[in-house]
Amino acid sequence: LACLCLPAFAAEQMPRFVTENGRHALLVDGEPYTVLAAQLHNSSAWPAVLPGALDQVVALNANTVEAPVYWEQFEPSPGQYDTTNVDALIEQARRRNLRVALLWFGSWKNGQMHYVPEWIKRDAVTYPRTLDERGEPVDVLSPHARANVEADARAFAALMQHLRKVDGQRHTVILVQVENEPGAIGAVRDHGAAANAAFAQPVPAAITTRLGKPTGTWRDVFGPEADEAFNAYATAHYIEQVAAAGKRAYDMPMYVNTWLRYKGKRYPGVDYPSGGATVNVFDLWRAATPSIDFIGTDIYTTDYSEYTKVIGQYARPDNPAWVSETGFEPGTTPYLFHVLGQGGIGFSVFGMDGLDSPEKRAATTAHAANFGQLAPLQRLIAKAAFEGRLQAVAEQPGQPKRTLRFGDWEVRVSYGAPYWGDADPILPGNADHGGRLLVAQTGKDQFLLTGFSARAEFVRVANDALHGQLLRVEQGRYVNGQWQFERLLNGDQTDYGLNFVREDPPVLRVTVGTY
Ligand code: N0T
């Protein structure tokens with residue numbers, strides 16, 4: 001009964017991002033939700049092409065679409081708002097039972113300003129640009145001009161106010177991304193007069209305190225990284241004002257996505273936008289953006305060590321793993337499992353709509369199977385992750401065995417074993433490195449498992465005289481959150497481990513015991 005006072009039971013269940021005991025959840029309709037998403041190509045959120053694109057999201061078994069709202073379209077002249085696109089998006093998503101992550105393509109899009117309205121692009125006097133070290137303007141708004149931040153915040157607040165009006169009851173929109181891959185390409189920081197004056201000032205005390213650094217100018221505190229840190233603060237502080245204005249209009253979970261500093265890239269402003277929420281300025285960003293719920297990662301690689309390194313950098317007690325974009329190719333499928341195993345809230349494949357090709361068909365098949373396997377379990381997975389009862393792994397090349405520990409039990413995961421019968425002592429792994437497995441503990445002796453191209457064996461490792469045994473292995477499926485039993489597995493289907501095949505693998509509920 002005490003629970004009745006919790007906000008989750010309020011009549012109107014706003015989407016919310018919550019953190020407890022260093023673990024995170026996105027609450028949708030009051031319960032943890034796993035975001036299985038696809039992002040449309042940049043120019044596909046127009047009514048003329050939207051229905052076809054959304055049909056492709058549905059074909060992927062995604063539960064969420066990430067789609068942009070373009071500032072240039074939303075505010076064609078100052079203070080005049082055009083809601084045609086966003087209204088079509090919400091209506092078309094509802095028809096398909098999709099939730100929406102809205103992407104605000106405002107002042108920043110991939111470290112540039114290509115989505116600002118034409119009336120801003122034409123008027124660099126009122127809306128100044130970032131100047132490079134030679135004083136040349138670049139294709140990025142200055143984060144130091146009041147007119148810029150005010151214009152963006154006003155438009156974004158208008159968008160959020162409209163969302164509250166049209167979606168405040170249904171909550172089709174569950175997440176809002178503020179800007180897209182912010183930061184500057186073409187300059188490490190702005191060298192305009194206002195920027196230079198600010199650069200000579202002490203670093204704001206709120207920042208040095210949070211970072212545990214001494215006070216001083218940007219140069220004193222950050223040395224050779226001063227220009228990048230300064231631009232990170234300016235960009236983050238600007239986006240904080242935009243997000244705060246949006247939240248005042250409609251208090252949705254908001255995040256910022258990041259063009260990463262990874263794959264050996266080193267030069268801010270050249271290799272990646274200077275001032276985005278890259279790992280080297282992550283703490284500064286968190287300190288400067290209290291209105292941003294979390295930071296997302298746009299991961300374009302299939303390399304195991306690179307992918308898992310990035311997830312490790314961003315999955316923290318103060319931030320969830322959230323892959324706001326990843327490459328639409330078969331090789332990224334296992335990383336959804338890795339992300340969930342790191343307590344992540346989800347993952348979105350980028351650019352899945354559009355022309356047909358053999359590559360696209362292969363990516364569609366692979367991700368549709370991946371999402372299709374997890375979609376019926378998504379609530380259960382999100383809840384288990386939030387409560388610390390979930391472990392999940394992706395295959396690491398050259399490492400065909402992994403061990404997961406649940407109290408008295410180990411789940412020994414292996415890749416490259418046959419689907420029944422003894423495995424070679426030296427396992428080859430999968431040729432495509434596509435192995436992945438997820439285990440949720442659903443009771444003291446009960447587990448839910450699924451995966452692809454993997455074998456799982458339960459071994460009791462408690463320090464006592466008892467032996468472990470499988471009591472019951474149910475195969476079935478979840479339909480509307482309810483388990484539907486199909487059959488018991490036993491004999492060859494369990495004596496050589498529980499085997500998850502490459503295509504159409506099972507979902508298993510396992511009960512273990514002792515003798
Ligand atoms: C991503 C996407 C979209 C020469 C790239 C990645 C999306 C944006 N940017 O398809 O544009 O809107 O968030 C930037 C990585 C660029 C690497 C350039 C190498």
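Which residue in S8 does Leu-131 stand opposite? The residue facing Leu-131 is Pro-137 in S8. The model discussed here is predicted.

**Hairpin of S7 and S8**

Strand S7 covers residues 129–131 and strand S8 covers residues 137–141. The two run antiparallel and are joined by two bridges. Five residues lie between the strands of this hairpin. Within the hairpin, Gly-135 takes a positive phi near 85°.

**Sheet S1-S2-S3**

An open sheet is formed by three strands in the order S1-S2-S3, with antiparallel pairing. S1 and S3 (31–32) are the edge strands, each pairing on one side only. S2 and S3 run antiparallel and are joined by two bridges. Leu-27 has Pro-32 in S3 as its bridge partner.

**Asparagines with positive phi**

Asn-21 is not a glycine, yet its phi is positive, at about 50°. Asn-97, also a residue other than glycine, has a positive phi near 60°. The table sets out the two residues with their loops.

| Residue | Phi | Loop | C-beta neighbours |
|---|---|---|---|
| Asn-21 | about 50° | between strand S1 (16–20) and strand S2 (23–28) | 9 within 10 Å |
| Asn-97 | near 60° | between helix H3 (84–95) and strand S6 (99–109) | 9 inside 10 Å |

Is Asn-21 buried or exposed? Asn-21 is exposed, because 9 other C-beta atoms lie within 10 Å and the cut-off for an exposed residue is 12 or fewer. Asn-97 counts as exposed because it has 9 C-beta neighbours inside 10 Å. The loop that holds Asn-21 links S1 to S2, two strands of the open sheet. The loop that holds Asn-97 follows the helix H3 (84–95) and leads to strand S6 (99–109).

**Packing of H3 and H5**

H3 also packs with helix H5, which spans residues 146–167. Their axes are 11 Å apart and the angle between the helices is about 35°. The crossing of H3 past H5 is right-handed.

Which residues of H3 meet H5? On the H3 side they are Val-86, Asp-87 and Ile-90. In H5 they meet Leu-159, His-162, Val-166 and Asp-167. The residues of this contact comprise four nonpolar, one polar and two charged.

Note on methods:
Residues are numbered from 1 along each chain as its sequence is written. This is a predicted model: local features need pLDDT of at least 70, side-chain atom pairs count only at pLDDT 80 or more; totals for chains, interfaces and linings use all residues. Helices (H or I, at least four residues) and strands (E, at least two) are DSSP runs, numbered from the N terminus. A residue is buried if 20 or more other C-beta atoms lie within 10 Å of its own, exposed if 12 or fewer, and partly exposed in between; C-beta atoms are placed from the backbone. Two strands pair if DSSP finds at least two bridges between them. Axes are lines fitted to C-alpha atoms, for helices over the stretch in contact, and angles run from 0 to 180 degrees between N-to-C directions. A crossing is left-handed if the near helix is turned anticlockwise from the far one by less than a right angle, and right-handed if clockwise. Two residues are in contact if their C-beta atoms, placed from the backbone, lie within 7 Å. Ala, Val, Leu, Ile, Met, Phe, Trp, Tyr, Cys and Pro count as nonpolar, Asp, Glu, Lys and Arg as charged, and the others, Gly among them, as polar.
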